[in-house]
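Here are my notes on this model, as numbered points. Please read them with the structure open.

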Amino acid sequence: MTTATMDYSETFLPRTATRRISIARAFVRFAVLYALIGMGMGIYMGVADDFTLRPAHAHINLLGWASTMLFALTYRAVPAMSESRLAIWHLAITTFGIVGMTIAMPLYFYGQEWVHPIIGIAMLAQVIGMSLFTLIVYRHF
């Protein structure tokens with residue numbers, strides 16, 4: 001079996017190592033999507049000469065791209081952190097919060113005030129996600 005066609009689930013890697021790679025990979029994949037969304041917002045604002053979305057653009061780039069990529073690199077660099085059961089919760093809650101903010105903030109800035117509670121819930125999810133990451137760091141780093 002060549003390296004290109006090898007099924008890594010049948011190798012000597014323990015299940016925790018596979019999960020570690022999956023958590024880091026998931027964070028990387030989300031991060032690059034957030035970067036593209038943030039760049040798209042920036043291009044839209046520049047072309048339309050409408051900077052209403054500036055706060056949403058900043059949040060998606062900082063929380064979505066930068067923080068998420070840092071989470072990915074940390075999980076990849078410190079395998080013990082990925083072995084925590086809290087790691088999957090960190091991924092899920094953080095992703096929920098960022099996606100919620102990515103959708104709700106632009107709507108709010110264009111006058112849809114009904115999404116304000118959704119923004120609050122998404123921001124709370126971000127704080128919970130970062131709290132989980134902090135706990136994982138203090139336990140395993």
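Is Thr68 buried or exposed?

1. Thr68 counts as buried because its relative accessibility is 1%, where buried means under 20% relative accessible area, exposed over 50% and partly exposed in between (1.4 Å probe, protein chains only). Thr68 sits in helix 2; helices are DSSP runs of H or I with at least four residues, numbered from the N terminus.

2. The model is predicted, so local features need pLDDT of at least 70 and side-chain atom pairs count only at pLDDT 80 or more, while totals for chains, interfaces and linings use all residues. Residues are numbered from 1 along each chain as its sequence is written, and side-chain values use heavy atoms, without hydrogens and water.

3. Beyond its neighbours within four places in sequence, Thr68 is in contact (heavy atoms within 4.5 Å) with Phe27, Phe30, Ala31, Tyr34, Leu63 and Ile98. With the same exclusion, the contacts of Phe27 include Thr68, Phe71, Tyr75 and His90.

4. The largest nonpolar core (buried Ala, Val, Leu, Ile, Met, Phe, Trp, Tyr and Cys residues joined through side-chain atoms within 4.5 Å) has 15 residues, and Phe27, Tyr75 and Met81 touch the most other members. Helix 1 (15–48), helix 2 (54–77), helix 4 (86–109) and helix 5 (116–140) each supply at least two of its residues. Helix 1 gives the largest share, five residues.

5. Thr68, Phe71 and Tyr75 are among the helix 2 residues that contact helix 4, whose side includes His90, Thr94 and Ile98. By class, this contact has 12 nonpolar, six polar and no charged residues, with Ala, Val, Leu, Ile, Met, Phe, Trp, Tyr, Cys and Pro as nonpolar, Asp, Glu, Lys and Arg as charged, and the others, Gly among them, as polar.
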